[in-house]
Amino acid sequence: EAAARHFRSPPRRIRRWLRRCRALQHRPEPSEGKYLGLEAEEKLAEWVLTQREQQLPVNEETLFQKATKIGRALEGGFKISYEWAVRFMLRHHLSTHTRRGVAHPLPKEIQGNAGAFIEFVQRQIHRQELPRSMIAAVDEISLFLDVEISSGNDERRKETALQTVGNGEPWCELVLTVLADGSVLPALLISRGHLPAPAAVPDCILLESKENGCDDDEIMELWAARVWRKHTECRGGGSSKGMLVLDCHRTHLSEEVLAVLSAAGTLPAVIPAGCSSRIQPLDVCVKRSLKNFLQKKWNERAPELRDADSSALLQLLLAWLGEALEILGDCPELIRKSFLVASVLPPSAPASPRRNGDEQEELIAAMEERLSIAPGAGESSPDFAERGDDGADDDAEGDPEALHRLFEGESEAESFYGFEEADLELMEI
C-alpha cells in the first residue's frame, strides 16, 4: 500500500510487479551458449536501427524472427523471451523514448562508420568553405492511414489509424528539408490516390497527388526539381557549392537527381546505415516533434472523423502541417543547433557525447513547447522505456504510466508492450 501511494499506482499493479520480480529472481540461470553473444546482439542492434531508418515496424514478432534467424547459426540454438527482448533493447540504447540519443554509443561497427562520416563532412565544409545556406538535411516521413479503423465504431482504436511506421504503401509521403542556417525549405507532400484539388494548400507545402503514389526514385526526383533546384536558383544558380545530408537508403539516387545536384554544385553526403539517429540533423528533434504533433492533432479529431473521406482527411493533414511548418520556420536557432548536435557542423567548442545529449534534450523540450505538445507525449507506438547508465528507467521515472504500459499491455500491437501475462513465460526456440 505504501508503494502504491508513493508511485501513485493501484496496489494490484504493485503486487503484480513483485510477483514477476520474485519469479525472475528464482528462475534458474540459462546454460552457457543458450543466449545470443555480443557479436550477434550487435548485428541485431544494427538491424533495429536500419529498420527504423526506413520506417519499418520493430515489434515483438519482427525482432524475434530476426533474432531467431541469427541464433540458428549458433551451436545449440538459443532461448528468447519477452524479458530478454526488453533487456536487449535497453542494453543497446534502442528506446524510441530517449531524448539523449546522440549521447548513446552505436554498435561497434557502425560507430566507426559514423565517426568516418562526421570527419568527412566537417572536412568538406571547411575545405570548400560551404555557406550554411547551402548545407541541407533532407528526409521523409511516411504516413500510413487505416481508413477501416478511422471510420469504425471502436473509439479507442481510432487513435491508431494514423501511423508513422508500417508495411505496405503509405497514404502520404512528406519530404522535409532544413538548412544549417536555420531555414526551412518548402515541404513536399505526395498523396496517394486521385483526389479533388484541396480547397487550401499552405504556401510552405508543395502538394503532388499520384494515383499509385511514387517510389523512392520518383520522390527524390520531384524533390530535386521542385525544392532543391528552386532554392539553388535563388542562391545564384550553381555558383555556390553545397552539401546534402541524406539517409543511406537513398543511395539509389537517379541520374535525374544527381544531375540537379551536380548542376547546383551539391555534394550528396550519404549517412551510413544505422547512423541516422545520431548524425541526421532532422532526427535530433524535428522529426520526432513533428510526428508527435501530428499524432496529437489526430487523436484530438479522431472521434469525429468517422464519415470523413480521403479528401477531407488530406485537407486536415495539410492544415496541421501548415501550422507545424510555420512554427518550425520561426525556430531557426533550434534548427541551427540540430546541425551542431548531430556533429554535421564543426563545433565552436570541444563537444562530448554527454554535452550533446544535454543539448538534444533541451532542443526537444524547446521544440515541443513551441509546438504545444504536452510533456511526455510519445509516438503512437513506442518500443521501450529508456534506461540510463545507472540502470534506472529515465522516462519511466518521469512518467509512472510508462511502467504501467510496459507490463499491463495498454499499447497497440506495433510496440513491445502488448503481451498478456502468459506470453511473458520463457519460450525456447
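## Tryptophan pairs, buried residues and confidence in a predicted model

Both Trp298 and Trp320 are buried, where buried means under 20% relative accessible area, exposed means over 50%, and partly exposed lies in between, with a 1.4 Å probe and protein chains only. This is a predicted model, in which local features need pLDDT of at least 70 and side-chain atom pairs count only at pLDDT 80 or more, while totals for chains, interfaces and linings use all residues. Residues are numbered from 1 along each chain as its sequence is written, and side-chain values use heavy atoms, with hydrogens and water left out.

### Overall make-up and confidence

The secondary structure of the protein comes to 18 helices and nine strands; these are DSSP runs numbered from the N terminus, with helices being H or I runs of at least four residues and strands E runs of at least two. Of the 429 residues in the protein, 50% are buried. The exposed surface is about 20300 Å², of which carbon and sulfur atoms supply 49%, the areas coming from the Shrake-Rupley method with a 1.4 Å probe and, for residues, with only the protein chains shown counting as cover. Where a contact means heavy atoms within 4.5 Å, 74% of the contacts between residues at least 6 apart in sequence join residues at least 24 apart.

The mean pLDDT, the predictor's confidence in each residue on a scale from 0 to 100, is 80 for the protein, and 81% of its residues reach 70 or more. Confidence is highest in helix α15 (residues 332-341), at a mean of 97, and lowest in strand β9 (residues 427-428), at 31. Over residues 28-33 the pLDDT is below 50, and this stretch has three contacts in the model beyond near neighbours in sequence. Residues 376-429 also have pLDDT below 50, with 133 contacts in the model beyond near neighbours in sequence. Where pLDDT is low, the predicted coordinates should not be read in detail.

### The tryptophan pairs and Lys297

Aromatic pairs are rings of Phe, Tyr and Trp (its six-membered ring) whose centres lie within 6.5 Å, and planes under 30 degrees apart count as stacked, over 60 as edge-to-face and the rest as tilted. By this rule the protein has two aromatic pairs, set out below.

| Pair | Arrangement | Centre to centre | Angle between planes |
|---|---|---|---|
| Trp223 and Trp228 | stacked | 5.9 Å | 20 degrees |
| Trp298 and Trp320 | edge-to-face | 6.5 Å | 90 degrees |

Trp298 lies in helix α13 and Trp320 in helix α14 (residues 310-329), so the pair ties together parts that are 22 residues apart in sequence. Trp223 and Trp228 are both buried.

Lys297 also belongs to helix α13 (residues 286-301), and it counts as buried because its relative accessibility is 16%. Leaving aside neighbours within four places in sequence, Lys297 is in contact with Trp320 and Glu323. The side chains of Lys297 and Glu323 are joined by a polar contact of 3.3 Å, a polar contact being a pair of N or O atoms within 3.5 Å of which, within protein, one must be able to donate a hydrogen and the other to accept it, with residues adjacent in sequence counting only if both atoms are side-chain atoms.

### Cysteines

A disulfide is taken as a pair of cysteine sulfur atoms within 2.5 Å, and by this rule the count comes to zero. Cys275 is in no disulfide, and the nearest cysteine sulfur, that of Cys248, is 8.2 Å away. Cys275 counts as buried, at 0% relative accessibility, whereas Cys204 counts as partly exposed, at 24%.

### Loops and helix positions

Gln55, which is not a glycine, nevertheless has a positive phi of about 55 degrees; the residue sits in the loop between α3 (38-53) and α4, and Gln55 is buried at a relative accessible area of 5%. His93 likewise has a positive phi of about 55 degrees although it is not a glycine, and its place is in the loop between α5 (82-91) and α6 (108-128). His93 counts as buried because its relative accessibility is 15%.

Gly71 lies in helix α4 (residues 60-71) and is buried, with a relative accessible area of 1%. Its C-alpha atom is separated by 7.8 Å from that of Ala40, 31 residues apart along the chain. Leu258 belongs to helix α10 (residues 255-263) and is partly exposed, with a relative accessible area of 39%; the C-alpha atoms of Leu258 and Glu221, 37 residues apart along the chain, are separated by 9.1 Å.
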